[in-house]
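Q: Got a minute to go through this model with me? I'd like to start with the fold and end up at the charged pairs.

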Amino acid sequence: MPVRPWSPEDLGRPTDGTWADVAFGLGEIHECAGDLGRAADWFRRAAESGHAAAALRLGSVLGRLADDGADGAAEDLLAEATRWLSGAQGIGTPDAIELITDMLNRHQRQAARRGLEPATAG
């Protein structure tokens, strides 16, 4: 197997694939490590570059962050997740359909939680 010589200019440059592929891979690493916030950041970068699988994974990670109540911004996280899932390429695949169904269920649970919260006196 031929070895390509390395130079300092190569630092940070992907050797195969695109930047979106590298960002997607970093998102996977952080997701496996349990750091969903960083995973979402990397999946978002890849999705913004047109990586379809990253858009689906981003929607999934954002939904899980919303379930965890990250930063009290569950509604915003669910809204962003829904935007990514609804605009993803390959939306007709079984995985995408399952993610969208899961997201709808999360929206319903969030709405039910809002309905159970006591009204604030104002």
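What follows is a chat about the helices, their packing and the salt bridges.

Q: Before we start, what kind of model is it, and how are residues numbered?
A: It's a predicted model, so local features need pLDDT of at least 70, side-chain atom pairs count only at pLDDT 80 or more, and totals for chains, interfaces and linings use all residues. Residues are numbered from 1 along each chain as its sequence is written, and side-chain values use heavy atoms, with hydrogens and water left out.

Q: Ok, how many helices and strands are there?
A: Five helices and zero strands. Helices are DSSP runs of H or I with at least four residues, strands are E runs of at least two, and both are numbered from the N terminus. The order from the N terminus on is α-α-α-α-α.

Q: And what share of the protein is buried?
A: 30% of the 122 residues. Buried is under 20% relative accessible area, exposed is over 50%, and partly exposed is in between, with a 1.4 Å probe and protein chains only.

Q: How do H1 and H2 pack?
A: H1 covers residues 19-32 and H2 residues 36-48; their axes come within 8 Å and cross at roughly 165 degrees. Axes are lines fitted to C-alpha atoms, for helices over the stretch in contact, and angles run from 0 to 180 degrees between N-to-C directions. H1 and H2 are therefore roughly antiparallel (under 35 degrees is roughly parallel, over 145 roughly antiparallel, 65 to 115 roughly perpendicular, the rest oblique).

Q: Which residues make that contact?
A: On the H1 side they include Phe24, Glu28 and Glu31, and on the H2 side Trp42 and Phe43 are among them. Contact here means heavy atoms within 4.5 Å. The contact residues of H1 with H2 split into nine nonpolar, two polar and four charged. Ala, Val, Leu, Ile, Met, Phe, Trp, Tyr, Cys and Pro count as nonpolar, Asp, Glu, Lys and Arg as charged, and the others, Gly among them, as polar.

Q: What about H3 and H4, what's the angle there?
A: About 165 degrees, with the axes of H3 (residues 52-68) and H4 (residues 74-87) 8 Å apart. That makes H3 roughly antiparallel to H4. The residues of this contact are 12 nonpolar, two polar and one charged. Among them are Leu58, Leu62 and Leu65 from H3, meeting residues of H4 that include Leu78, Trp84 and Leu85.

Q: Switching to charges: how many salt bridges are there?
A: Five turn up in a search of the whole structure. The cut-off is a side-chain nitrogen of Lys or Arg within 4 Å of a carboxyl oxygen of Asp or Glu.

Q: Which residues are linked in a network?
A: Glu28, Glu31, Arg57 and Arg64. Glu31 pairs with Arg57, with the closest N and O atoms 2.5 Å apart. Arg57 is in helix H3 and Glu31 in helix H1, so this pair ties together parts 26 residues apart in sequence.

Q: And how far apart are the closest atoms of Glu31 and Arg64?
A: 2.9 Å, N to O. Arg64 is in H3 too, so that salt bridge joins parts 33 residues apart in sequence.

Q: Is Glu31 buried or exposed?
A: Buried, at 14% relative accessible area. Arg57 is partly exposed at 26%, and so is Arg64 at 28%.

Q: Last one, where do Arg44 and Asp41 sit?
A: Both are in helix H2, three residues apart, so about one helical turn separates them. Their side chains meet in a salt bridge at 3.2 Å, N to O, and Asp41 is partly exposed at 37%.
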